Amino acid sequence: MVAEDPARRNTGPALELERVVKSFGPVVALRSGSLSLHRNSIHALIGENGAGKSTMVKIMAGLYRRDAGEFRLHGESVDFASTAQSKNSGIAVIYQEPTLFPDLSITENIFMGRQPVSRFGRIDRKAMRVEVEQIFARLGVGLDPDRLTEGLSIADQQIIEIAKAISLDASVLIMDEPTAALSGVEVERLFTVARSLRDEGRAVMFISHRFDEVFALCDTVTVMRDGAYIATQQIADTTVDELVRQMVGRDVTELFPKQETTVGEELLKVDGLTSPGTFHDISFSVRAGEIVALAGLVGAGRSEVVRAVFGVDGYASG
Ligand SMILES: Nc1ncnc2c1ncn2[C@@H]1O[C@H](COP(=O)(O)OP(=O)(O)OP(=O)(O)O)[C@@H](O)[C@H]1O
Ligand SMILES: [Mg+2]
């Protein structure tokens, strides 16, 4: 456990990594990772695939130990040998796909390994339930604390992990691509929760490949490239173009040069395609020489339409 020095509480960073190095045999996953997380702030960590973001997270989570560099929590140097040490020091990591125990209740999952005991030496179920109800009420979550976690959506499972973090009074919350498998409504709920955690004085870190989310949610942003720190900026002072330039190390126009093409004849035409309960009245055409995007939220029916067009699934009309 790292005791918090009250004098540092409101001044220094909650968590700092400085020139952290991590290799796996010949593979250098992290050449020089640096990051400063502050209370009352949501900090984005961005970079291309393989930039070293998750390696940073795993060092903070106590899954990996760094080879070199500094890692400080509330100003004190730490070196976690286990995930339990990281958790007990107030760091909570929410992964893209949480791993809850499906045959235990929500409450049991939240109190896994640390059930409160009544004065008769029994596990105090009532106290656990009351605490979970209070946390859910604060988060505006309408889940039944007694239900099993089996069959819960990924979004709900993440909320349970967050409730666990609150119950442990974590001062640092780290979310590694939490929104990748969420629908629009679920992302909004997660953001509301993340903002209230920030406003309670916690430090929150958010990893995402989606710029709209980074700009909507975060206060500061750190860019990484090839396992190294590139820059940290206030979100209000930067732009998507600038961040992309920092991520890839060259101009965006060079990255996606617009190519002249001649659009030719219609090759595929979908007209009024309908499969009751799945999709309704879908029409589009694809012509030679063009790339057509089919956009929508998770669950909007994009995959189902394409499966029907391809012949994997049937359709009723159109
Ligand atoms: N356990 C490991 N053994 C070997 N190489 C690893 C290991 N973990 C990560 N790497 C390598 O280290 C580099 C950084 O990986 P990391 O997962 O940290 O990237 P990332 O920024 O999280 O990427 P993504 O956006 O795809 O999640 C990659 O080249 C990866 O292949
Ligand atoms: Mg990753």
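# A tour from strand β7 to ligand 1

Start by selecting strand β7, residues 172-176: five of its five residues are buried, so the strand is largely enclosed by the rest of the structure. This is a predicted model. Colour the two faces of β7 separately. V172, I174 and D176 lie on one side, L173 and M175 lie on the other, and both faces are covered.

Keep β7 on screen and add its partners. Strand β6, residues 91-94, pairs with β7 in the parallel sense, over four bridges. To find the register, pick I91, which stands opposite V172 of β7. Next add strand β8, residues 203-207. β8 runs parallel to β7 and is joined to it by five bridges. V172 is again a useful anchor: its bridge partner in β8 is A203.

From here, select S167. Is S167 buried or exposed? With a relative accessible area of 15%, S167 falls under the 20% cut-off and therefore counts as buried. S167 belongs to helix α5, which spans residues 154-167. Show its surroundings, leaving out residues up to four places away in sequence: S167 touches I110, F111, R114, E131 and I135.

Now select strand β9, residues 220-225. β9 is mostly covered, with five of its six residues buried. Strand β3, residues 41-46, pairs with β9 in the parallel sense over four bridges. I46 stands opposite V223 in β9. Add strand β10, residues 228-234, and the sense changes: β9 and β10 pair antiparallel, over six bridges. R225 stands opposite A228 of β10. β9 and β10 form a hairpin with two residues between them. Stop at D226 in that turn, where phi is positive at about 50°.

Two further backbone angles can be checked on the way. Most residues other than glycine have a negative phi. Select R19, in strand β1 (residues 15-24). R19 is not a glycine, yet its phi is positive, near 50°. R19 counts as exposed because its relative accessibility of 58% is over the 50% cut-off. Then go to N40, in the loop between β2 and β3. N40 has a positive phi of about 60° and is not a glycine either. At 45% relative accessibility, N40 counts as partly exposed.

Move on to helix α1, residues 53-60. Six of the eight residues of α1 are buried, and the helix is mostly covered. Select K53, T55, M56, V57, I59 and M60 to see the buried set. Then pick K58 in the same helix. K58 is partly exposed, with a relative accessible area of 26%. Leaving aside neighbours within four places in sequence, K58 is in contact with L63 and Y64. For a sense of scale, draw a distance from the C-alpha atom of K58 to that of P257: the two atoms are 36 Å apart, and 199 residues separate them along the chain. Just after α1, G62 takes a positive phi of about 80°.

The last stop is ligand 1. Which residues are closest to ligand 1? N49, G50, K53, T55 and H209 are the closest of the 14 residues that surround ligand 1. Colour that shell by class and the residues divide into five nonpolar, six polar and three charged. By element, β2 (residues 27-37) and α1 each supply at least two residues of the shell. The largest share, three residues, comes from α1.

Zoom in on the oxygen atoms of ligand 1 and display these three distances:

- T55: an N or O atom of its side chain is 2.6 Å from an oxygen atom of ligand 1.
- H209: an N or O atom of its side chain is 2.8 Å from an oxygen atom of ligand 1.
- A51: a backbone N or O atom lies 3.2 Å from an oxygen atom of ligand 1.

To finish, compute the surface of ligand 1 with and without the protein. On its own, ligand 1 has 640 Å² of accessible area, of which the protein covers 64%.

Terms used:
Residues are numbered from 1 along each chain as its sequence is written. Chains are lettered from A and ligands numbered from 1 in the order in which they are written. This is a predicted model: local features need pLDDT of at least 70, side-chain atom pairs count only at pLDDT 80 or more; totals for chains, interfaces and linings use all residues. Side-chain values use heavy atoms; hydrogens and water are left out. Buried means under 20% relative accessible area, exposed over 50%, partly exposed in between (1.4 Å probe, protein chains only). Contact means heavy atoms within 4.5 Å. A residue is near a molecule or strand if one of its heavy atoms lies within 4 Å of it. A polar contact is a pair of N or O atoms within 3.5 Å; within protein, one must be able to donate a hydrogen and the other to accept it, and residues adjacent in sequence count only if both atoms are side-chain atoms. Accessible areas come from the Shrake-Rupley method with a 1.4 Å probe; for residues, only the protein chains shown count as cover. Ala, Val, Leu, Ile, Met, Phe, Trp, Tyr, Cys and Pro count as nonpolar, Asp, Glu, Lys and Arg as charged, and the others, Gly among them, as polar. Two strands pair if DSSP finds at least two bridges between them.
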